[in-house]
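Reader: Please give me a close look at the strand pairing here. Keep it concrete, go partner by partner, and tell me how far to trust the coordinates.

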Amino acid sequence: MKKLTAFVFVLVCVLGLVGCGKNDTYTIRITVPAGSTEAFVYSEEEISATGKKITVSSGEGLGDTEVLLSPVNETVEAGYTATYLTPGMPATFDAVKGEWFRIGVSVQNDTDTDKTVYVEVEGVEVRIE
C-alpha cells in the first residue's frame, strides 16, 4: 500500500511539473493613430521567435487584415511578405531564433481618436524598447 501511495504521489508531482511550461503566447497591442492612412501600423513591443515558427492570430478589435513582420535591426533583410489574417485563421511565419521584429497590421483609422487593436502571438518572447 505504501508503494502505491508513493507511486501516485510521484505521478501527481510529475504531471504538475509538466503543466508548468514556459508561456510563449502573448497579446500585443497596436495603436492606430487618429486619421492614419498608412499602409501598415506597427506594435511598440518587439518579438523574437522561441522556435522555428511565429503564429499570429486576430485579437480584440481586429477584423480581416494583412499582417507583416518588420525586422528591428536595419541590417537584416526583411524577407517577409504581408500575409492575410482573418479571425479564426492565424498566419504563420518561418522564423530565425534571435531575430527581433515588430508586428504590423494593415488598418486605417479615419476617426478623430486613436484606435487600439490586438493580435495574439505564439512562439515568441517579447520586449519593449
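Author: Start with strand 1 and strand 9, which covers residues 115-122. They pair in the antiparallel sense over 8 bridges. One position to find by eye is Thr27, which faces Glu120 of strand 9. Keep in mind that this is a predicted model.

Now widen the view. Strands 1, 9, 4 and 7, in that order, form an open sheet of 4 strands, with antiparallel pairing. Which strands stand at the edges? Strand 1 (25-32) and strand 7 (91-94) do; each has a single partner strand, so one side of each lacks a neighbour in the sheet. Neighbouring strands of this sheet are turned against each other by 30° on average, direction ignored.

Take the strand 7 edge next. Its partner there is strand 4, residues 53-58, and the two pair in the antiparallel sense over 4 bridges. Among the matched positions, Lys53 has Asp94 of strand 7 as its bridge partner. The two faces of strand 7 can be told apart. Ala91 and Phe93 make up the covered face. Thr92 and Asp94 make up the uncovered one. Asp94 therefore appears twice: as the bridge partner of Lys53, and on the uncovered face of strand 7.

Move on to strand 5, residues 65-71. Is this strand largely enclosed or left open? It is largely enclosed by the rest of the structure, because 5 of its 7 residues are buried. Strand 5 has antiparallel pairing with strand 6 (residues 83-85) over 3 bridges. There, Thr65 has Leu85 of strand 6 as its bridge partner. Strand 5 also pairs with strand 8 (residues 100-105), again in the antiparallel sense, over 5 bridges. In that pairing, Pro71 stands opposite Phe101.

Strand 8 brings in a side-chain detail. Residue 100 belongs to this strand, and Arg127 lies over the face of Trp100, at 4.1 Å from the ring centre. Aromatic pairs are another matter: with ring centres required to lie within 6.5 Å, the count is 0.

Last, confidence. The protein averages a pLDDT of 83, and 78% of the residues score at least 70. Strand 9 has the highest mean, at 95, while helix 1 (residues 2-18) has the lowest, at 52. Over residues 13-17 the pLDDT is below 50, and beyond near neighbours in sequence this stretch has 0 contacts in the model. Where pLDDT is low, predicted coordinates should not be read in detail.

Definitions and conventions:
Residues numbered from 1 in each chain as written. Predicted model: local features only at pLDDT ≥ 70, side-chain atom pairs only at ≥ 80, totals over all residues. Heavy atoms only, no water. Phe/Tyr/Trp six-rings, centres within 6.5 Å; stacked < 30°, edge-to-face > 60°. Lys NZ or Arg CZ within 6 Å of the ring centre and 35° of its normal. Pairing = 2+ DSSP bridges. Axes fitted to C-alpha atoms, helices over the stretch in contact; angles between N-to-C directions. Buried < 20%, exposed > 50% of the residue type's maximum accessible area, 1.4 Å probe, protein only. pLDDT = per-residue confidence, 0-100. Contact = heavy atoms within 4.5 Å.
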